[in-house]
Each structure stands twice: as C-alpha cells, then as structure tokens.
Amino acid sequence: MPRSCTLIINPTSGSYSASLVDRVTARLAAAGFSPSVLLTGGPDDAAAFAARACAEEDHPFIVAGGGDGTMNGVINGLVPGRATLAFLPLGTANVCARELGIGSVDEAVRRIIRREARPLSVGLLEGFGVSRRFFLMAGAGFDGFVVEGVLGEEKKRFGKGAYLLSALRTLSAWDGRPMEVEAAGARRSCHSVIVCNAARYGGSFVLAPGASLFEPRFRVVCVEAGRRRDYLRLALRVAAGRGAAGAGVTVFDADTVTIGGNKAVQVDGDFICHGPVTIRSLPDFARLVV
Ligand SMILES: Nc1ncnc2c1ncn2[C@@H]1O[C@H](COP(=O)(O)OP(=O)(O)OP(=O)(O)O)[C@@H](O)[C@H]1O
C-alpha cells in the first residue's frame, strides 16, 4: 500500500512555484508514496494542518514545504512523539536545510524517499499566557527587540532589509538593562540571551557550534557585556566563523532556561512576548528525515 504523505506548503515562501511542487509530488508518487498537498492560506494554517494530520493518523508522515517559518508552524501543530517530519526547502533563508546539509529541493526529495530519520528535539517557550515551540532558537534582549521592531510596511518594501532598519533603531535607542538568566544550576546577569537548538542563526552564520536539532539540550549564548561595541565584536567573531563564545559572551549547555526581566522575546524569527519566560527542551518530539 502506498505510504501516505502530507505536504504542507507555504505558497508565499521565497522560492515556491506550483510547477516545482507538482514535480515533487510526481517523484514521490513514482517512489510509492500517496502525497496530498495542503497550501497554507495564512500564518496559522501550517499548525492547523499538522494538527489535522495527527488527528487522522497515528504516525503521520509530514513534509513542511517552505521556509523556517513554515517548519515552525508545523512543529507547533504536531502531537509530540508521533510524526515523522521532513523539510522541503522553498523558503528564503532555509536555516533548517543548512543545518541538515540539504543543498537543493532534489536533495530533499531524495532524502524523503529514503526516509532515514532521527529523533528531533525542539524547545518549548512559556510566558505569561503564551506557549510556543521552536526548533532553531529563542532569543531575549537585542534580537528580540529587533524582531519586535520590524515594521510591516518596511517588510513589504525591503524584505529582509527591514530587520537591518529595525536593528539600527534598536542600536540608537539602546536599552542597557541587564536581566537574570537561570540555567544549568547557575544564575547570570545577561544583557541578551539566545537559547540555541541549532548551530546556525539567520542564515549560514554559525553562532553556537555544537548545538544540534538531535540533542536534548540547548547551547545557551549569554551576552553578559551590555555595550554596543560588545555586540559589534560578537558579530565580527560570528561572521569570521569563530562562533559566539569570547570576551563578554559565555556559552554553555542546558535543558531548561529561565529568563527574567521584561525584554522582548523572539522564537525562530517571530516576536512572541516580553519576559519573564521559561524554556525547556522536548526530546523525541518527532522523527526528522535526515
Ligand atoms: N498564505 C499565506 N499568506 C501569507 N503569509 C503566509 C501564508 N502562509 C504562511 N504564511 C506566513 O509566511 C511566513 C514566512 O514563511 P516561510 O518562513 O515559510 O518562508 P520564507 O520567509 O521565505 O523563508 P525563511 O523563513 O526560511 O527565510 C510564515 O511564518 C507564515 O506565518
């Protein structure tokens, strides 16, 4: 019997085309799958479609076709421990594909057909009235404020350039307050913190070497120094491929992180809330095609 396979596709993602999706489904059908395509009509659909697939089948096979936002949506709709998940890179940054070493749509399809999968760990962020899963990272402080400050109008006009404009505004209206971060049995005073479930950040920059989608723990990047020049040094280190750790920045492992204060918090590139929040790892959340 053909293996059913639900493709949840974001038609607004960076490199989507209907003909490309037709080619993918034809290849999957030829390889013995019975693919069904669901096109998202808005930001909440990926999670709703994933939840529906889990209601219809005990162990659904789901392909998230789009960018990292689509993958995040699907993860937020899944019932833990039941689904096998694959990523079809149709987005702009596609950090997920970079983490998995998937270089093209063809490569992704070959891997889907092979169906080799490993247990995926994701993160769960909980704040006041908010609960959200993430698979790449959660950030509180500088990057939270940048994501919160992106203006819809600028995003329409300048695309990813809107993040740069927001970063410039965040730099000029500098918030120097520290916040308390409790993790791995220690309390630290940090200016920003990024809880990494994957090594890469914002594209191909490796922020947290050693972080892995398959490990039931995070690499936590604490920016202790709170001056603009410390962030410049951090950016230069990361751009040079040396990772975040260095002067004013501590990196350590933890599976639970509590962040105090009321700074802005983003997960997987979406603004979620202001602190305080608690973050914990959810091991064996799904099986991820590798
Ligand atoms: N039909 C739709 N119309 C408008 N927005 C949508 C629709 N479907 C999904 N979205 C939203 O689009 C956002 C961005 O999509 P996605 O991340 O898949 O692509 P991308 O931005 O091109 O890629 P990347 O995140 O890898 O840079 C998603 O977070 C989702 O909220």
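Among contacts in the chain between residues at least 6 apart in sequence, what percentage join residues at least 24 apart? In this predicted model, the figure is 71%. A student who follows the chain from one end to the other should keep this value in mind, for it concerns residues that are separated along the sequence but in contact in the fold.

The overall form of the chain may be considered next. The chain contains nine helices and 18 strands. Its radius of gyration is 19 Å, close to the 19 Å that the globule rule gives for 290 residues, so the chain is as compact as a globular protein of that length. Taken along the principal axes, the box filled by the C-alpha atoms has dimensions of roughly 60 × 45 × 35 Å. As for burial, 45% of the 290 residues of the chain count as buried.

The chain can then be divided into parts. The domain assignment gives domain 1, which covers residues 3-115, and domain 2, which covers residues 124-282. Between the C-alpha centres of domain 1 and domain 2 there is a distance of 27 Å. The two domains touch, and the contact draws twelve residues from domain 1 and 16 residues from domain 2. On the side of domain 1 that touches domain 2, two elements give two or more residues: helix H3 (68-77) and helix H4 (95-100). Of the elements on this side, H3 gives the most, with six residues. Sorted by class, this side of domain 1 has five nonpolar, four polar and three charged residues.

A record offers another view of the first part of the chain. In an unreviewed UniProt entry, the annotation "domain: DAGKc" covers residues 1-129. Within the model, the end C-alpha atoms of residues 1-129 are 44 Å apart. This span is 40% helix and 29% strand.

The ligand remains to be described. Which residues come nearest to the ligand? Of the 18 residues around it, these are Pro43, Gly66, Gly67, Gly69 and Gly91. By class, the shell around the ligand comprises three nonpolar residues, 14 polar residues and one charged residue. Helix H3 appears here again: it gives the most to this shell, with three residues. The reader may therefore look at H3 from two directions, since H3 gives the most both to the side of domain 1 that touches domain 2 and to the shell around the ligand.

Conventions. Residues numbered from 1 in each chain as written. Predicted model: local features only at pLDDT ≥ 70, side-chain atom pairs only at ≥ 80, totals over all residues. Domains from an automatic or database assignment. Contact = placed C-beta atoms within 7 Å. Helix = DSSP H or I, 4+ residues; strand = E, 2+ residues; numbered from the N terminus. Nonpolar A, V, L, I, M, F, W, Y, C, P; charged D, E, K, R; others polar. Near = placed C-beta within 6 Å. UniProt positions renumbered as here; feature names shortened; annotations may be inferred. Rg over C-alpha atoms; globule rule 2.2 N^0.38 Å. Buried ≥ 20, exposed ≤ 12 C-beta atoms within 10 Å, placed from the backbone.
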